[in-house]
Amino acid sequence: MPDVPTPTHYWYPSDADVPGNPRERGIAVLQAFRLYRAAEAAMRRRTRDSMSMGENELLVLRYLIKAHGEGRLVGPTELSRYLGISTASTTALIDRLQKSGHVTRQAHPSDRRSVHVVATEKSDDEVRETLGRMHERMIAAVDGMTPEEARAVIACLGRLQRAVDEVDAHAPDPRAEQARSDRA
């Protein structure tokens with residue numbers, strides 16, 4: 001397989017003595033996804049730095065721009081839930097974004113007691129300009145995929161998503177439970 005990263009076996013027991021076995025291919029795929037995620041995280045850090053923003057500020061702008069495209073109004077409480085932060089932290093974040101000219105608070109059209117938050121045109125332009133180039137390069141990287149390749153990648157990512165969605169950080173590890181019962 002060309003350009004396949006050498007798998008590391010930190011998390012997975014290896015069957016390296018059997019060349020080309022399915023487990024080794026799977027480990028190589030997971031390693032390739034890890035390398036991609038690391039590269040994407042580094043790119044997002046560079047993007048935030050170039051826009052002089054923290055992660056939550058950029059997340060809020062993208063969320064507000066998407067909501068605007070869907071014709072939805074977003075209030076501070078929804079942003080708090082989306083980010084998983086307190087309402088006080090959300091207020092401070094909105095204040096920073098408003099001061100920098102990236103968002104405005106507007107009176108809700110039907111409820112005078114509440115406000116909604118809107119990304120400014122400046123923000124929309126800045127996010128599209130900064131992230132647009134990255135998205136164009138990503139599209140160019142996958143444009144030549146065959147339908148079979150695309151189906152395989154989509155199916156694999158779907159299986160990985162389901163696997164990580166099922167993780168409960170507070171659930172007992174069945175391997176640890178088995179090891180304890182083996183020792184008993």
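Setting aside neighbours within four places in sequence, Glu-78 touches Tyr-63, Arg-72 and Leu-73 in this predicted model. With Arg-72 the link is a polar one, side chain to side chain, at 2.9 Å. Glu-78 itself sits in helix α3, and α3 (76-83) turns up again as one of the elements packed against the buried residues of α4.

Zooming out for a moment, the protein has seven helices and two strands, strung along the sequence as α-α-α-α-β-β-α-α-α. Of its 184 residues, 23% count as buried. The accessible surface adds up to about 13200 Å², with 55% of that belonging to carbon and sulfur atoms. As for long-range links, 42% of the contacts with a separation of 6 or more are between residues 24 or more positions apart.

Back to α4, then. This helix covers residues 87-99, and at 1.5 Å a residue its 13 residues should span 18 Å; the end C-alpha atoms are indeed 18 Å apart, so the two values agree. Its buried residues are Thr-90, Leu-93, Ile-94 and Leu-97. Looking down the axis of α4, these fall within an arc of 100°, so they line one face of the helix. That spacing fits a general rule: an α-helix has 3.6 residues a turn, so residues three or four places apart point the same way.

What does the buried side of α4 pack against? Its partners are the helices α2 (55-69) and α3 (76-83), plus the strands β1 (103-107) and β2 (115-119). The face turned away from the buried side carries exposed Ala-88 and Lys-99. Just after the helix comes Gly-101, with a positive phi of about 85°.

Methods
Residues are numbered from 1 along each chain as its sequence is written. This is a predicted model: local features need pLDDT of at least 70, side-chain atom pairs count only at pLDDT 80 or more; totals for chains, interfaces and linings use all residues. Side-chain values use heavy atoms; hydrogens and water are left out. Helices (H or I, at least four residues) and strands (E, at least two) are DSSP runs, numbered from the N terminus. The expected span of a helix is 1.5 Å times one less than its number of residues. Buried means under 20% relative accessible area, exposed over 50%, partly exposed in between (1.4 Å probe, protein chains only). The arc is that of the directions from the helix axis to the C-beta atoms. Contact means heavy atoms within 4.5 Å. A polar contact is a pair of N or O atoms within 3.5 Å; within protein, one must be able to donate a hydrogen and the other to accept it, and residues adjacent in sequence count only if both atoms are side-chain atoms. Accessible areas come from the Shrake-Rupley method with a 1.4 Å probe; for residues, only the protein chains shown count as cover.
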